[in-house]
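Here are my notes on the model you sent over, as numbered points. Have the structure open while you read.

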Amino acid sequence: WWWKEVSCFAEEEAPKAAPKPVAPNALEVVMSLNKRALRVASNSDAVKTLNVFDMNGKLLHSESFAGMAQDVNLAQFAGKGALIVRVSEGSKLVAMKRVSVR
């Protein structure tokens, strides 16, 4: 039978979800836009790739950098509407942000 008989007075405990493990060396990337300059800060000094796409998915700019911080001048994209900025480390996407440069 597919059902289970239980007493009307007995309460079943719901299974408890296991807590998610927190990786002590998790990669964290923060992007902030100040007028036309994009600041990318990370807690890892490995090589990262920064790609800028338009809203149709067309690649507009790509650059690689090593280190914990990088400034990118986005003045060339002023007035082009919303852009998607993606930062990846190796083949792993670590950050993505939608920006608009005026």
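1. One cut-off before anything else: a residue is called buried under 20% relative accessible area, exposed over 50%, and partly exposed in between. Asp 71, at 48% relative accessibility, therefore goes down as partly exposed. Please keep in mind throughout that this is a predicted model.

2. The overall make-up is quickly told. The protein chain has zero helices and seven strands, so along the sequence you simply read β-β-β-β-β-β-β. Of its 102 residues, 25% are buried. The accessible surface comes to about 8,000 Å², and carbon and sulfur atoms account for 52% of that. If you look at contacts in the chain with a separation of 6 or more, 45% of them involve residues 24 or more positions apart.

3. Now the three-stranded sheet. This is an open sheet with the order β1-β2-β5 and antiparallel pairing. Its edge strands are β1 (29–34) and β5 (69–73), each of which pairs on one side only. Neighbouring strands here are turned by 15° against each other on average, ignoring direction.

4. Within that sheet, have a look at β1 and β2 (residues 37–42). The two pair in the antiparallel sense over six bridges. For a landmark, find Met 31, which stands opposite Val 40 in β2.

5. Which residue forms a salt bridge with Arg 39? The partner is Asp 71, and the closest N and O atoms of the pair are 3.1 Å apart. Arg 39 sits in strand β2 and Asp 71 in strand β5, so the pair ties together parts that are 32 residues apart in sequence. As background, side chains of opposite charge can pair when their charged atoms come close. Arg 39 has a relative accessible area of 38%, which means it is partly exposed. The count of salt bridges comes to one.

6. The other sheet has four strands. It is open as well, in the order β4-β3-β6-β7, and the pairing is antiparallel. At the edges stand β4 and β7 (92–100), each with a single partner strand, so one side of each has no neighbour in the sheet. The twist from one strand to the next averages 15°.

7. Take the β3/β4 end of that sheet. Strand β3 (residues 48–54) and strand β4 (residues 59–65) run antiparallel and are joined by six bridges. Lys 48 has Phe 65 in β4 as its bridge partner. The two strands make a hairpin with four residues between them, and Gly 57 in the turn has a positive phi of about 95°.

8. In the middle of the order, β3 also pairs with β6, again in the antiparallel sense and over six bridges. Here Leu 50 stands opposite Val 87 in β6.

9. On to the β6/β7 end. Eight bridges join these two antiparallel strands. Val 85 has Lys 97 in β7 as its bridge partner, while Ser 88 stands opposite Leu 93 in β7. This is a hairpin too, with two residues between the strands; Gly 90 in the turn has a positive phi of about 70°.

10. Is Asn 51 buried or exposed? With a relative accessible area of 16%, Asn 51 is buried, because the cut-off is 20%. You will find this residue in strand β3. The side chain of Asn 51 makes a polar contact of 2.8 Å with the side chain of Ser 62. Leaving aside residues up to four places away in sequence, Asn 51 touches Leu 59, His 61, Ser 62, Ile 84, Val 85 and Arg 86. When you trace these strands, it helps to recall that side chains in a regular strand alternate between the two faces of the sheet.

11. A last spot to check is Ala 75, in the loop between β5 and β6 (82–89). Ala 75 counts as partly exposed, at 29% relative accessibility. Its C-alpha atom is separated by 8.8 Å from that of Lys 35, although the two residues are 40 residues apart along the chain.

Definitions and conventions:
Residues are numbered from 1 along each chain as its sequence is written. This is a predicted model: local features need pLDDT of at least 70, side-chain atom pairs count only at pLDDT 80 or more; totals for chains, interfaces and linings use all residues. Side-chain values use heavy atoms; hydrogens and water are left out. Two strands pair if DSSP finds at least two bridges between them. Buried means under 20% relative accessible area, exposed over 50%, partly exposed in between (1.4 Å probe, protein chains only). Contact means heavy atoms within 4.5 Å. Accessible areas come from the Shrake-Rupley method with a 1.4 Å probe; for residues, only the protein chains shown count as cover. Axes are lines fitted to C-alpha atoms, for helices over the stretch in contact, and angles run from 0 to 180 degrees between N-to-C directions. A salt bridge is a side-chain nitrogen of Lys or Arg within 4 Å of a carboxyl oxygen of Asp or Glu. A polar contact is a pair of N or O atoms within 3.5 Å; within protein, one must be able to donate a hydrogen and the other to accept it, and residues adjacent in sequence count only if both atoms are side-chain atoms.
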